[in-house]
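Reader: I've got a model open on my screen and I'd like to learn how to read it. Could you walk me through a few features, one at a time?

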Amino acid sequence: MKISKLWLDKFFSAPLPEASILADALTFHAFEIDGIEKAGDDEVLDVKVTPNRGHDALSHRGIAKELSAILKLPLTNDPLAAHPVLAPVTTEVTVDLQRTVLCKRYIAGYIKGIKVGPSPEWLRARLEAVGQRSINNIVDATNFVMFNTGQPLHAFDAGKLGSLSLGVRAAQDGEVMVALDKKSYTLKKSMMVITAGDASVGIAGVKGGMPAAIDESTKDIIIESANFDGVSVRKTAAALKLRTDASTRFEQVISPELASYGMQSAVELIQKLAGGELAGFVDAYPEPQKPMYASVTVEKVNQVLGASLTGADIADVFVRLGLPYKEESGVFEVSVPFERLDLMIAEDLVEEVARIIGYEKISAVPLPAFDKQPEINKNFAAAESLREELIKQGYSEVCTSIFADKGERMVLNKVDSVRPYLRSSLVPGLAEALAKNKPNKDLLGLKEIKLFEIGTVWSAGTEIIMLGTVTEKEKASEKIFAPANAGNYGELPVSTAARFEHFSKYPYIVRDIAVWAVGDTDAEKIIREQAGPLAVKISLFDRFEKGEKISLAYRIVFQSFDRTLTEVEVNEIMEKVSVELTKQGFEIR
Amino acid sequence: MDMPPDAQFGHLHPISSLIREANQIFLRMGFTLAEGPLLESEWYNFDALNVPKDHPSRDMQDTFFVKDMPEHVLRTHTSPVQVRYMESQIKKGAEPPYRVIVPGKIFRNEATDITHEAEFFQIEGLVVEQTATLSTLKGTLSVFLAGIMGGEAEVRFRPSFFPFTEPSLEVDMRLTGQSAPEKLRDKWIEMGGAGMVHPNVLKNAGVDPKKYRGFAFGVGLDRLAMLKWGIDDVRYMHSADLRFINQF
């Protein structure tokens, strides 16, 4: 979510520190920051709000509230500070919630005689900073309030609605709606629509309809500030492939209480920007949200954190976060603000304390000695000793994909749709692996490619672990892997490799050269020097003695990192090698 | 014939080497190694772990579903084994303390590239006992990461969210000292997720959350291998290419 630094400043009595400091504060106490971008004289933070905080933090106010707690700066201009009074009530508009389960609240605000026009510069700048295009003063005002408070809003042209009897109902199967993006959407009865009279005028929580769009001719407007069910909106937006800033907020589940704050802010801003006269509000809110409480003890906080905080430390965190509490002999009872739907159990409050105080204050303490004997896992012990045994016999361990061209079980939804089955055997994968490695034998300096895999297959209706092997001499085969009774795992060696080295993807060329040894002169060194960097592997592959004489046979593998070598250039290198060996007294066989 | 001796020996896959080394480190701290199925029920993969029914991670795009196996998925993490392990202990009448690690293959339904694989490896740790605190979690991770990577490992937490832990954390490490790999030395590196086990998870496994608490962590083994050895393409792990494997 894009958050403007200049926008955040408006919540405080003085400008906040620079964006990089805000980014650090949020990273270590609240949310990850995906980046900071310059936008004119503003800086925009990309804040990754975690799913548990989608209730309250998908807005500038939400982020400002966090920064207020973290940086100990009072939030002097909080749009959620005073409870709004939605007056007067109008009887010109009615709201009928047929499915209250999926719409917890619907407020309509009716303003007459507004003047649609361009937005002032400050509003355009704010919206552009967070990646929004300015449309007109009315639409911009509703967007601004959403990005400011987190409450999605919508404005209808009241004159085009046809009726001021508004409602929320299930869509009809196959009903077609042209949304504000001028595209047609075919709805299903699992989706909700906003209605005016009998006509559908919006996809609830997702997007408004084109027929009642605001334009230059609009005089009277209905502002919608509602609360739609998160799951329903998420499914609708996904099915229509229409995720909007509104739907992403409803998906996270927001408090129905927020709707009145959003409405009040929107009406105030619209009247400031576009004039008009407020006819009044209708508020359909059959079951108001109940007060929420959560409690935690000082002892619990310290037990979970492994810390020794005092009641005063905890109280300080709650004050900074704006969490009203009562404390009695080490028990804190927090009266949870309506928007913090994530705070339910003691552990939730422990997290608030820990992150605001800072996880860097938690010291690293070793686990105390364990008084139970760890069990030896029979499967793992057997697999480990098999690995050792096979490695000693020259087999290398491979790990091939569990996805296959055929098998008993099929994956329903593989994104790349290749190899959609779960393998029923290790054999095809091992055979493929053998074929792939065979051409690299000389490069690897191996006499024979030998591979094994201990892996899962799905066969005869069950998931089972198999041991498979393949060599150049023996076809791939597998058997059921059997666990072993072992008293311990043994002290087995682990890789001592320091760093992975890239290998060339180009073909290589092999040359052998055999010489009669000359005293102590190092033939290999001469070969290495003359063959140069293209000789990636030089190995003594044969040595025998004939009377006084010793024959040494070397295999040289040539390969380039950036091209395919030619026979001609390798022959030229070998010629250089032969010349130098001869010069040093070697007789080439 | 005079062959260099190591040409006759095979090589251990780098992931197997890491799991072996991890097991050695954790065994010294009293951890038991546990395993579980790759094709897992939604109950163990999601519900028991406090992932709500309508959580986006259950949507078709992230998770592999299997034909004719309703309510089953290719496990998206090793965490289902947390619940399976605790349940099996309770069934045997063995109350906590528990210390378990779970290394194994996990799945994410996404297109592959140099940093993404549809199948990859994770190691999970679970401790359930009175001494499980954020402090001992930090200490445990520090011992593990230093042991695997070399040098001294400093561990840093950042706030995060997972449905199965509360508080939830992102884990960063910084390696210091001469025996730490030079390219990684003195830098903060993201390692994985962790947290205190959510009381609902303990409850779902039959452990009384009023009596016990726990911590858990998950670290990607492919990522660990890539960092430790400077491997730049995750797809090497499943390549079965000995030009890769025989370097380890």
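Author: Happy to, and keep in mind that this is a predicted model. Let's start with one residue: D342(A) has a relative accessible area of 10%, so it is buried, the cut-off being under 20%.

Reader: Okay, where is D342(A) found?

Author: Look in the loop of chain A between β17 (331–336) and α12 (346–357).

Reader: And which side chain does the side chain of D342(A) make a polar contact with?

Author: That would be the side chain of R340(A), at 2.9 Å. Leaving out residues up to four places away in sequence, D342(A) also touches N52(A), R53(A), H55(A), D56(A), D348(A) and E352(A).

Reader: Next topic: cores. What's the general idea?

Author: In soluble globular proteins, nonpolar side chains tend to be buried together. Here, the largest nonpolar core has 153 residues, and F318(A), L224(B) and I231(B) are those with the most contacts inside it.

Reader: Which helix gives the most to this core?

Author: Helix α4 (residues 134–149) of chain B, which contributes eight residues. There's also a second, separate core of 40 residues, with L102(A), Y106(A), V168(A) and A212(A) among them.

Reader: What does F318(A) touch?

Author: Setting aside residues up to four places away in sequence, F318(A) touches V296(A), L323(A), Y325(A), F332(A), V334(A), L349(A) and V353(A).

Reader: L224(B) came up too. How do I read the helix around it?

Author: Check how much of the helix is covered, then see what it packs against. L224(B) is one of the buried residues of α6(B). That helix, residues 221–229 of chain B, is mostly covered, with eight of its nine residues buried. The buried set also includes D222(B), K228(B) and W229(B).

Reader: What do the buried residues of α6(B) pack against?

Author: Within chain B, they pack against α1 (14–28), β4, β5, α4, β8 (188–197) and β9 (214–220). Just after α6(B), have a look at G230(B), which takes a positive phi of about 70°.

Reader: Now strands. What should I know before I look at one?

Author: In a regular strand the side chains alternate between the two faces of the sheet. Now take β4 of chain B, residues 98–107: ten of its ten residues are buried.

Reader: How many bridges join β4(B) to β5(B), and do they run parallel or antiparallel?

Author: Ten bridges, and the two strands run antiparallel. Y98(B), for example, stands opposite V128(B) in β5(B). With β1 (residues 32–33) of chain B, β4(B) runs parallel, joined by two bridges. There, L33(B) has I101(B) as its bridge partner.

Reader: And how do I read the edges of a sheet?

Author: Work out the strand order, then look for strands that have one partner. In chain A, an open sheet of three strands goes β19-β21-β20, paired antiparallel. β19 (403–404) and β20 (409–410) each have a single partner strand, so one side of each has no neighbour in the sheet. Two bridges link β20(A) to β21(A), and R409(A) is partnered with L422(A).

Reader: Got another one to practise on?

Author: Sure, chain A also has an open three-stranded sheet with the order β1-β3-β2 and antiparallel pairing. Which are its edge strands?

Reader: β1 (2–4) and β2 (32–39), since each pairs on one side only.

Author: Right. The twist in that sheet averages 25° from one strand to the next. Seven bridges join β2(A) to β3(A), with E32(A) opposite K48(A).

Note on methods. Residues numbered from 1 in each chain as written. Chains lettered and ligands numbered in written order. Predicted model: local features only at pLDDT ≥ 70, side-chain atom pairs only at ≥ 80, totals over all residues. Heavy atoms only, no water. Buried < 20%, exposed > 50% of the residue type's maximum accessible area, 1.4 Å probe, protein only. Helix = DSSP H or I, 4+ residues; strand = E, 2+ residues; numbered from the N terminus. Pairing = 2+ DSSP bridges. Core = buried A, V, L, I, M, F, W, Y, C linked by side-chain atoms within 4.5 Å. Contact = heavy atoms within 4.5 Å. Axes fitted to C-alpha atoms, helices over the stretch in contact; angles between N-to-C directions. Polar contact = N/O pair within 3.5 Å; in protein donor to acceptor, adjacent residues only side chain to side chain.
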